[in-house]
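Subject: Structure for your files

Hello,

Here is the structure I said I would pass on. Please look it over when you have time; my notes come after it.

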Amino acid sequence: MFPYVFFMVRDFHIAPDEAHISKYCGYLSASFAFFQFLCSIHLGRLADVIGRKKVLMIGILGTTFSILVFGFSTSFWMALFARSFMGAVNGNVAVIRTVLGEVATNPYHAPLAFSTLPLLWQLGCVIGPMSGHLVKISAEEYTRSTYSYHLVSLVVQKSFLDSLVKKYPYCLPNLVVSVFLLFSLVFGALFLEETHHTLKDQRDYLLDIGDSIRNFLGFDVSQRPWRMPFKRGGSLMAVPSEADPLLGSTSNEEEIEGYHVSEDDLDDDDDDLDDETTTVGKLYRTTSANIMRTFSNHSVDVSAEMIRNHESGYPWHVLLEGKTFNAITQNFILCFTAVVFDEFLPVFLAYDVARDKDGNLASKFPFLIAGGMGLHTPEIGTLLSTTGVAGVLVVVFIYPWVDITFNRIKALQCCLILTAVSYFAVPYLVFTIPPNSPQAISTTLLYSTNILKTLASSLAFPQVILLIHRASPREHSAFVNGTTLSLTALARALGPFIWGYVVSISVNHEIVWLSWVLLAAVAFVGFYLSHSLKGLE
């Protein structure tokens, strides 16, 4: 959305002038985040009750629907509805964090596992902005009065697709994204395993189909719990069917052939069975009753835990515990600054360059800064994709070295300082525009600033995610992650909403530097608060 949202809002003709476009861009971004804030905590709680996989599938399906509606929007209000609905059903990030924590139980593997989220995010930052290359200016139809931008197929110019995109100028990028989402939905339904500690052994028929596909393709498939006989004392026991009688007419000394039970498998606390003799290789009816009681008690314990999780309500007290609260707060600030940068950097780049009558820059260093960089959608998309590649390289090659070499809190603090520096530098890139300096220098500095921010945020987010995981009780991990995502969504809602007004005021008064300096100040507040995270390394 970021590469073309400025032009999309402008084509809706809802903004009274160009200076107010950023405000409506902020509304679109904030609506998603606000409804995600309202619903993520409940989706996280729901994942603790019905399982992780089901909530993930709901989120992917709802996101696919809403992104298609957004692409085919013919008015600002239709686009606003699509973004709001997308936020309401999308709690996947919190659930995925929980799944990673339940899979990576080895503490040495946890940093690598949690770094995959920023890695995949950066991959998305590479692929997503490429949608900007699907938007190009039609020189014959572009006028300064209408700002008519048309989406043109890169493959077929005179076809049904061409007529479709002329009617719905921004549908093609969203159609491409929806294909990725549908693939993710099918892949997850067939091959994703449930990780909830009390629900992972329940039968998953879609996973059975996925296992059949993998078997057909020649992959080794592990035995699922619902297809596996009970394992006790190192040997397998046949699973009784519902038709088998629990009590027979034989005596207590009747032997059941084919079973093996060790002494450790018996319940030594059962007074009625203390005097019974158990032989290795044979199982007596009284011992069988004891084993059934053991399995029955285990089942009751699992069910009881599920009932407690469902009926105990929301464990708000967990969020107020010192370490958990501090980690969530740091994540809130980091997300707040990151989303403002990601949302309004393309807006700043898309604003026309402010020049005087003689063609010179209207901006005067250091306090009079007007306009923007004058870039178009393909150029913005190239910038974001390139820095996304840099983010991937950072997570793959630099983060593992940083995690091993440096203290986690110190590394986070260094990243926060670097983000503040990059925020502060953005508005002053205006003074590098020709004729003040060659175009190559201006482009190099622009890319360097964005890569610096990408480097810092790509290293900071895995650190914060891991700190939250370490501060979360296992039984409430999805709830804590859901709350974290909910507050992250609040940050993403407040950031564009507040900064939309700040940017509009800054542009109108020709003090563009104000919004970016304030953003750098917020980042420094996060740096100050990061000292309270000590003890979670």
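The notes below go from the whole chain to single sites.

Please keep in mind that this is a predicted model.

Overall fold

The protein chain has 17 helices and six strands. Of its 537 residues, 49% are buried. Taking contacts between residues at least 6 apart in sequence, 75% link residues at least 24 apart. The exposed surface of the chain comes to about 26000 Å², and 66% of that is supplied by carbon and sulfur atoms.

Nonpolar patch

One stretch of surface to look at is a nonpolar patch of about 680 Å². Its members are Val 389, Leu 393, Val 396, Phe 397, Ile 398, Trp 401 and Phe 406. Ile 398 belongs to helix α13, which covers residues 377–405. With a relative accessible area of 33%, Ile 398 counts as partly exposed, because that class lies between the 20% limit for buried and the 50% limit for exposed. A patch residue needs over 30% relative accessible area, and Ile 398, at 33%, has that.

Cis peptide bonds

Two cis bonds are worth checking by eye, and both lead into a proline. The bond from Phe 365 to Pro 366 is cis, with omega near 5 degrees. Pro 366 sits in the loop that runs between α12 (322–350) and α13. The bond from Pro 434 to Pro 435 is also cis, here with omega near 10 degrees. Pro 435 is in the loop between α14 (408–425) and α15 (439–471).

Positive phi

Which residues other than glycine have a positive phi? His 13 is one of them, with phi near 55 degrees. His 13 is located in the loop between α1 (5–12) and α2 (21–50). At 59% relative accessibility His 13 is exposed, since the class begins over 50%.

Glu 510 also has a positive phi, near 60 degrees. The loop between α16 (477–508) and α17 (513–529) holds Glu 510. Its relative accessible area is 38%, so Glu 510 is partly exposed rather than exposed, a class that requires over 50%.

In short, the sites to open in the viewer are the patch that includes Ile 398, the cis bonds that lead into Pro 366 and Pro 435, and the positive phi values at His 13 and Glu 510.

Regards

Note on methods. Residues are numbered from 1 along each chain as its sequence is written. This is a predicted model: local features need pLDDT of at least 70, side-chain atom pairs count only at pLDDT 80 or more; totals for chains, interfaces and linings use all residues. Side-chain values use heavy atoms; hydrogens and water are left out. Patches are made of residues with over 30% relative accessible area and no salt bridge: like charges are joined within 9 Å, nonpolar side chains (Val, Leu, Ile, Met, Phe, Trp, Tyr) within 5 Å. Accessible areas come from the Shrake-Rupley method with a 1.4 Å probe; for residues, only the protein chains shown count as cover. A salt bridge is a side-chain nitrogen of Lys or Arg within 4 Å of a carboxyl oxygen of Asp or Glu. Helices (H or I, at least four residues) and strands (E, at least two) are DSSP runs, numbered from the N terminus. Buried means under 20% relative accessible area, exposed over 50%, partly exposed in between (1.4 Å probe, protein chains only). Contact means heavy atoms within 4.5 Å.
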